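Me: I am new to this structure and would like a close look at one part of it. Please describe where the two domains meet.

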Amino acid sequence: SPVSLPFAVGQCGNQVGCRFWDLALREHAAVNKKGIYDEALSSFFRNVDTRSGNDGPGIYKGKICSLKARALLIDMEEGVVNEILQGPLRDLFDSKQLITDVSGSGNNWAVGHKLYGYQYRENIVEKLRKTAEHCDCLQCFFIIHSMGGGTGSGLGTFVLNVLEDEFPEVYRFVTSVYPSGEDDVITSPYNSVLAMKELNEHADCVLPIENESLFDIVNKIHQMISSGKLGSTVKQNSLVTSSTGSASTVQEKPFDAMNNIVANLLLNLTSSARFEGSLNMDLNEISMNLVPFPRLHYLVSSLTPLYTLADVNVPSRRLDQMFSDAFSRDHQLIQADPKHSLYLACALLVRGNVQVSDLRRNIERLKPSLHFVSWNQEGWKTGLCSVPPVGHSHSLLALANNTCVKPTFTELKDRFMKLYKKKAHLHHYLHIDGMEQSCFSEAISSLSDLIEEYNELDATKGGPRTDPSRLQIAV
Amino acid sequence: MSIVTVQLGQCGNQIGREVFNAICSDVHGTHGLCSKKENESYHDACKERFFCEEESEVPVARAVLVDMEPKVISQTLSVAARSGYWKYDDRSHFCQKQGSGNNWANGYSVHGPRHKEVIMNLVQKEAEKCDRLGGFFTIMSMAGGTGSGLGAFVTQCLRDAFPSSFILNHVIWPYGTGEVIVQNYNSVLTLSHLYQSSDALLVHENDVIHKICAQLMNIKQISFRDVNQVIAHQLGSVFQPTYTAEGGLRYSRNPLGDLMETLVPHPEFKMLGLRNIPQMPENSLAYSTFSWPGLIKHLRQMLIANAKMEEGIDWQVQPPRLGSSLPPSHSTNRPLHFNTSIANLVILRGKDTHSVDLGSFQDPSLYTSWLNPRDAFNAWKTPRAFNKYEKSASLVSNSQFLLKPLDSVVGKAWNMFASKAYIHQYTKFGIEEEDFLDSFTALEQVISSYTIL
């Protein structure tokens with residue numbers, strides 16, 4: 001299978017990454033009963049004969065010997081990465097996949113990007129090449145990071161640049177956790193806006209995530225379970241927030257539930273590239289169909305269902321509910337309401353026992369209540385993957401290129417301006433080699449331009465529609 | 001003569017497998033309501049056309065499987081082999097890992113040239129296995145990146161390498177409301193390019209087949225497999241052996257050539273539509289009887305009224321009265337919904353085909369004026385029943401069947417092109433705005449030609 005190579009950068013990135021590897025193993029174990037190293041596994045894992053050391057030759061077929069994750073774990077503090085290396089997933093990684101330092105980035109994008117970036121560039125390139133060498137066919141890089149801090153934000157976007165320089169043809173997907181208004185890192189607006197410029201210019205697709213949304217989902221699930229409204233029991237391993245059945249069940253940590261949601265997002269996103277189905281949907285297809293103009297590459301994601309009930313018989317009414325939920329406000333992974341904004345494009349990736357007629361029925365049903373841009377009235381990209389996620393008989397990942405991302409960006413801009421006008425904390429950044437005032441002005445300008453593009457699109461919403469006249473040819 | 005099938009992309013490979021399945025299952029099924037001798041004759045003709053005997057225990061399909069990602073081909077090969085009745089040649093396939101990303105330019109400009117040699121070598125090998133090569137049958141969807149883009153490129157290569165062979169492209173028209181967002185761009189680029197190298201395009205529309213599955217086959221949860229099986233049945237009804245001449249002693253040996261000769265008198269008109277009746281769930285077959293007059297009447301009205309299936313036919317539509325003094329384009333006699341034909345082919349299979357009256361299809365008012373109605377209409381027959389249907393009638397039509405779908409796709413693509421949306425994804429791989437304009441121009445020409453029939 002084509003390989004998707006995740007880079008977990010920074011504390012948040014590595015915490016999510018850890019959940020991702022864990023749940024990926026769980027997912028593959030559920031379908032791969034015989035312990036054979038198959039095409040699906042090869043997307044995320046190498047099969048290594050460790051008798052000749054961790055750098056042993058890859059074994060491409062036959063029984064699973066020792067699985068190594070295809071990944072780079074980068075952090076300028078050791079805490080999270082060390083925990084991973086001491087935890088149940090330690091055998092997935094070897095030292096050649098890690099880049100760590102001790103003092104952290106002090107929640108300073110400039111430290112992450114300019115200081116550590118410069119310092120570790122060679123190391124990053126070398127390890128990147130080594131990792132890529134082991135891949136038959138590299139389709140996509142994933143960066144998993146947060147925007148508000150220093151390492152994930154600064155060094156993470158530095159890595160993004162390196163990826164573009166070294167492997168310009170490989171797609172760059174970024175999963176970015178955006179800070180909320182109440183974020184306790186004061187300088188998070190600076191870090192986020194500086195990082196946004198990099199995402200605008202160097203990412204192929206960005207999946208923004210907001211902690212508030214993850215938090216709301218976790219709460220909603222807790223409420224549903226404790227209120228007893230669900231009647232029969234919920235299948236524990238089906239919860240989008242759950243680590244059940246994975247290696248980390250015993251040692252669940254505070255943010256695990258929220259991070260599991262992001263991990264599940266990535267698993268669903270790559271499911272059709274790994275597993276078979278009647279209508280495959282690769283990552284390069286997602287980029288192709290959902291990005292009509294280069295800079296408009298921010299995709300709002302939603303995952304349904306959030307859990308499955310233990311009773312097996314799911315009438316098709318429930319299936320349709322899954323589609324409805326995908327468009328509801330409280331299933332989105334950012335604080336946004338796509339239904340009341342303008343769609344540029346929408347992708348539906350369905351897993352499990354769902355057929356094309358179910359897809360069509362629901363698209364027909366939901367279409368009238370959604371607003372699509374005039375030049376893409378039927379803009380749906382669909383995929384059918386036969387293998388459902390663990391604990392479910394079917395699931396749906398919706399990705400929307402929708403103007404509802406705009407508020408996230410305008411609020412970020414507002415928070416940035418509040419600090420910037422007073423020049424608060426600027427000196428922490430400007431004294432880093434390579435940082436100048438222009439970095440800030442260019443970054444806010446980039447963000448403003450992006451917001452303006454969304455404004456222009458929004459202005460067309462609901463307006464009169466005149467189709468351009470067709471080509472006239474001589475008869 | 002043998003046909004080499006080239007299966008392109010996910011759709012092409014999934015359908016291809018169902019086609020060989022349908023053909024095999026037809027041949028091995030009940031003895032076809034005819035004499036043993038007839039049946040054996042049919043069996044032999046079918047074998048020669050689609051399969052190679054070789055040293056293997058089961059017949060080997062004459063096919064080349066091409067895809068830019070490995071999962072579908074892998075599945076296709078193994079499912080075929082499991083049937084026990086036939087299989088593919090294990091070496092006759094080519095795949096890559098990356099896919100084409102639904103990008104026509106990627107399929108056409110990057111994968112095409114890059115893999116041309118390997119793919120054409122496989123085709124050459126299959127062609128050499130044939131005692132006599134009757135031509136190529138390619139199966140592809142227009143919506144994606146591989147079938148469409150690489151498919152267009154491969155068709156061009158086939159034309160260059162085999163200048164005197166017949167090439168028939170089986171093209172799948174995607175659902176109107178998206179499978180792929182850029183499907184209209186991909187479709188426009190595919191159709192305009194195929195038009196240059198192909199002899200004819202035989203089209204199946206997903207929306208239409210879906211309706212057949214829902215309303216005629218009574219399938220509740222319709223899968224792509226269901227859709228593909230209906231398509232395979234319809235294709236089988238065209239390509240299984242028939243007698244092309246009245247009183248013919250042998251099954252026709254040149255199906256593609258015969259098809260082109262009867263249906264494509266002019267290179268400007270290559271769009272062929274297909275109708276097949278009756279269609280019903282297998283378990284209803286035993287309880288149904290049909291009469292030829294009834295079937296022929298329905299098929300003719302489906303042609304005239306451009307009905308996509310045998311339910312919901314508009315019986316009000318009638319052909320224009322001839323002998324009007326007004327020129328056709330100003331004729332108030334010409335009903336708006338009437339489907340004008342250039343040429344039609346009716347294929348009858350099963351009981352009592354020799355006695356069927358097809359005079360109604362020779363009515364000159366059905367056709368444009370350039371061809372003699374005798375030449376514009378042809379019929380192929382065989383007493384050998386097809387796929388458990390006691391009587392089965394197919395219509396392959398070069399008419400205005402596809403005018404509206406074509407116009408719709410071009411319109412939507414043009415609308416999107418005007419905003420320049422997604423164009424950067426194509427220019428990245430070498431297809432420029434100019435190339436789009438050329439394609440639009442070519443298709444507007446085709447639309448215009450079919451409109452003024």
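Reply: Between domain 1 of chain A and domain 2 of chain A, about 3300 Å² of area is buried, and carbon and sulfur atoms give 69% of that area. On the domain 1 side, A:Y190, A:V193 and A:K406 lose the most area to domain 2 of chain A; together they make up 27% of what that side buries. The model is a predicted one.

As for the bounds, the domain assignment of chain A places 3-243 + 253-406 in domain 1 and 407-460 in domain 2. The contact draws 37 residues from domain 1 of chain A and 35 residues from domain 2 of chain A. The C-alpha centres of these two domains are 26 Å apart.

Charged and polar pairs also link the two domains. There are 2 salt bridges between domain 1 of chain A and domain 2 of chain A. A salt bridge joins A:R295 and A:E453, with the closest N and O atoms 3.4 Å apart. Polar contact between the two domains comes to 15 residue pairs, both residues being at pLDDT 80 or more.

The domain 1 side can also be described by element. Those of chain A that give two or more residues to the side touching domain 2 are α4 (109-133), α6 (188-202), β10 (342-352) and β13 (394-402). The most comes from α6(A), with 9 residues. Sorted by class, this side of domain 1 of chain A has 20 nonpolar, 12 polar and 5 charged residues.

Conventions
Residues numbered from 1 in each chain as written. Chains lettered and ligands numbered in written order. Predicted model: local features only at pLDDT ≥ 70, side-chain atom pairs only at ≥ 80, totals over all residues. Heavy atoms only, no water. Domains from an automatic or database assignment. Contact = heavy atoms within 4.5 Å. Buried area = accessible area lost by both parts, 1.4 Å probe. Salt bridge = Lys/Arg side-chain N within 4 Å of Asp/Glu carboxyl O. Polar contact = N/O pair within 3.5 Å; in protein donor to acceptor, adjacent residues only side chain to side chain. Helix = DSSP H or I, 4+ residues; strand = E, 2+ residues; numbered from the N terminus. Nonpolar A, V, L, I, M, F, W, Y, C, P; charged D, E, K, R; others polar.
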